[in-house]
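Good morning, colleagues. I would like to take a few minutes to present one model, beginning with a single strand and moving outward to what surrounds that strand.

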Amino acid sequence: MIASAGLPVLKNFIQETLKALEGGNEADVVKAFTSLHQVIEGGILGLPVMPTASQLLQEAISFLEQVISDPAPAVDLPANLKPYPALHDLYANLLELRQFFLAVAQGDLSRNLRRKGYLAGVLKSLQANLRHLTWQTQMIATGDFSQRVDFMGEFSVAFNAMVIQLEESLRKLNEKEAELTRINGELRQEIELRKTTEESLRRSEELYRQLAITDPLTGIFNRRHFYQLANSELQRTCRYCRPLAVIMIDIDYFKRVNDTYGHAAGDQVLRALAGLVREALRAVDIFARYGGEEFIVLLPETDLRTIRPIAERLCRKIAETPLPIEPNHINITISIGASAFDPSAQPFPSSKKETLDQLIDLADKALYEAKKAGRNRVCISNAGPNIGPEEE
């Protein structure tokens, strides 16, 4: 509708234009139409200004470019473009394509695209390719290096090269792991062998040590080791002023045993006697084979008053115990000589070795007296070692 205020002005311009046409003056006609056009275009008459087709097209193009360039494009057309349904559909299509493409770019491959057409088909194809690539990547993660990509151009070349390199790296890693496993196995075997060897050496050393300190026939200490232990015990005795006793044991008529039953039987008698004496002694007592059929015992914390009952009890036990000598049993007796040393009642010895030798000598003399008195008895030496002043 033309505004009512502008109708008289428009009517006047139309009349002037008609007059110019009737006069036939070309210049006046051009002038009249130019003025009329300016009035209409400029809104001089108060009429609404109508956009031209080129203006509408430029506005539509600018608005559609928002879908491509703007981070947050409008969700609907402006009012002056809404009367065009085709433009509305185009804008809605572009918005949906934009949202779909954005989702794919962000890694969301689950979005559905309802639109159809060439561009939509391309985007759907890209989505399908990415989905398949994701599955292939998952398969590679499980160790399936047979996966190859042949549908994404240069990316396919790079992807396939990566898979080949991963497979080769894994192969080399497996080879190194196998080599390490083999080496570890060899090391474990070597360690076990060394442990076995060390244990064997330890047992051998222990065996040799036992052989060095024990009598091979009876299994008790030998004479050499007895002296080592006895000297140490004598030092303790002197340091703490405690008594110490020695007994010498000899088998009565042992030669008869050898002559009657043979030397093998004599060896059995020696072993059996050693076992009986060891059972009768304390753990702290030092028991050894002195030589031949003679045995010696060092008894710590034992003086002259307590040595006699110990020796007599031992003498009775041997006499009352038949020894199993195949195929029979035989009875033997022993003679015992004893001596004792009490530092609390005597000065400290000038030489502990001489004191030990004197103790053994006194016990040996007492043993001789027991044999001389008829055997199967105990004789105690009442004399102590010849002890001088302690050396500085």
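Let us begin with β1, which is mostly covered: eight of its eight residues are buried. Please bear in mind throughout that this is a predicted model. The burial applies to both faces of the strand. On one side we find L244, V246, M248 and D250, and on the other A245, I247, I249 and I251, all of them buried.

Which strands pair with β1? β3 is joined to β1 by seven bridges, and β6 by eight. The run is antiparallel in the pairing with β3, and antiparallel also in the pairing with β6. To locate the register on the model, note that A245 stands opposite L299 in β3, while I247 stands opposite A338 in β6.

I turn now to the nonpolar interior. The largest nonpolar core has 34 residues, and those touching the most other members are I247, I249, I251, V269, F295, I334 and I336. At least two residues of this core come from each of β1 (244-251), α8 (254-261), α9 (263-280), β3 (294-300), α10 (304-320), β4 (323-325), β6 (334-341) and β7 (378-380). The largest share, seven residues, is supplied by α9.

One residue merits individual attention, namely I334. Leaving aside residues up to four places away in sequence, I334 touches I249, D250, I251 and D252, together with L273, L314, C315, I318, N376 and R377.

Finally, there is a second, separate core of 18 residues, with C238, A288, F341 and L356 among them.

Terms used:
Residues are numbered from 1 along each chain as its sequence is written. This is a predicted model: local features need pLDDT of at least 70, side-chain atom pairs count only at pLDDT 80 or more; totals for chains, interfaces and linings use all residues. Side-chain values use heavy atoms; hydrogens and water are left out. A nonpolar core is a set of buried Ala, Val, Leu, Ile, Met, Phe, Trp, Tyr and Cys residues joined through side-chain atoms within 4.5 Å. Buried means under 20% relative accessible area, exposed over 50%, partly exposed in between (1.4 Å probe, protein chains only). Helices (H or I, at least four residues) and strands (E, at least two) are DSSP runs, numbered from the N terminus. Contact means heavy atoms within 4.5 Å. Two strands pair if DSSP finds at least two bridges between them.
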